[in-house]
Amino acid sequence: MSVLVEFAMFPTDKGESVSEYVSRIIKMFKDSDIAYELTPMGTVFEVDTIEEATNVINNAYKQLEADCNRIYTTIKMDIRKNKSNRMKQKIESIKKKIGEVNAKA
């Protein structure tokens, strides 16, 4: 099974810039063996079960819980049986059809 998750989580009580807090969550991913990709609007990760996905979200929350009184979260999940490595496969499928797809920065 593949559980592909896109989520964003940040405090709403810490002012206009919250990268200090988001960085805590990204460090959590860096210190793990979870496949993830940071985007300007959130983070995408892939795990094998829904339980793992919800544990990751819970652990992300714990990175902020101690000193944040209000935390905003959006979560999208795509759960598919009999598949894996979909983070890369989905992008490669588009690239095969039209070539490179990332915007120029």
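**Figure 1. Long-range contacts in the predicted chain.** In this predicted model, residues 24 or more positions apart account for 71% of the contacts with a separation of 6 or more. The protein chain holds three helices and four strands. Their order along the sequence is β-α-β-β-α-β-α. The C-alpha trace spans about 45 × 35 × 20 Å along its principal axes. Of the 105 residues, 27% count as buried.

**Figure 2. The largest nonpolar core.** This core has 17 residues. Val5, Phe7, Met9, Ile25, Phe29 and Phe45 touch the most other members. Four elements give two or more residues each: strand β1, helix α1 (19-30), strand β3 and helix α2 (50-65). The largest share, five residues, comes from α2.

**Figure 3. Surroundings of Ile25, a core residue.** Ile25 is among the core residues that touch the most other members. Neighbours within four places in sequence are left aside here. Beyond them, Ile25 is in contact with Phe7 and Met9. Further contacts of Ile25 are Ala60, Gln63 and Leu64. Phe7 and Met9 are themselves listed with Ile25 among the core residues with the most contacts to other members.

**Figure 4. Aromatic cluster.** Phe7, Phe29, Tyr36 and Phe45 form one aromatic cluster. Phe7, Phe29 and Phe45 also belong to the largest nonpolar core, where they are among the residues that touch the most other members.

**Figure 5. The tilted pair of Phe10 and Tyr72.** The count of aromatic pairs comes to five. One of them is formed by Phe10 and Tyr72, with ring centres 5.4 Å apart. The planes stand at 40° to each other, so the pair counts as tilted, falling between the limits of 30 and 60 degrees. Phe10 lies in strand β1 (residues 2-11) and Tyr72 in strand β4, so the pair ties together parts that are 62 residues apart in sequence. Phe10 is partly exposed, at 28% relative accessibility. Tyr72 is partly exposed as well, with a relative accessible area of 44%.

**Figure 6. Glu46, a buried acidic residue without a salt bridge.** Glu46 lies in strand β3 (residues 42-47). The residue is buried, yet has no salt bridge. The nearest side chain of opposite charge is Arg86, 5.2 Å away. A salt bridge needs a separation within 4 Å, so Arg86 does not qualify. Glu46 has polar partners instead. Its side chain makes a polar contact of 2.6 Å with the side chain of Ser2. The Glu46 side chain also reaches the backbone nitrogen of Met87 at 3.1 Å.

**Figure 7. The contact shell of Glu46.** Residues up to four places away in sequence are not counted. Glu46 touches Ser2, Val3 and Leu4. Glu46 also touches Ile34 and Ala35. Its remaining contacts are Ser84, Asn85, Arg86 and Met87. Two of these residues recur in the polar view: Ser2 through its side chain, and Met87 through its backbone nitrogen.

**Figure 8. Ile79 in strand β4.** Ile79 is found in strand β4 (residues 71-80). Its relative accessible area is 46%, so Ile79 counts as partly exposed. Not counting residues up to four places away in sequence, Ile79 touches Met1, Ser2, Val3, Ile50 and Arg86. Ser2, Val3 and Arg86 appear in the contacts of Glu46 too. Val44 is 35 residues from Ile79 along the chain. The C-alpha atoms of Ile79 and Val44 are separated by 13 Å.

Note on methods
Residues numbered from 1 in each chain as written. Predicted model: local features only at pLDDT ≥ 70, side-chain atom pairs only at ≥ 80, totals over all residues. Heavy atoms only, no water. Buried < 20%, exposed > 50% of the residue type's maximum accessible area, 1.4 Å probe, protein only. Lys, Arg positive; Asp, Glu negative; His and termini not counted. Polar contact = N/O pair within 3.5 Å; in protein donor to acceptor, adjacent residues only side chain to side chain. Contact = heavy atoms within 4.5 Å. Phe/Tyr/Trp six-rings, centres within 6.5 Å; stacked < 30°, edge-to-face > 60°. Core = buried A, V, L, I, M, F, W, Y, C linked by side-chain atoms within 4.5 Å.
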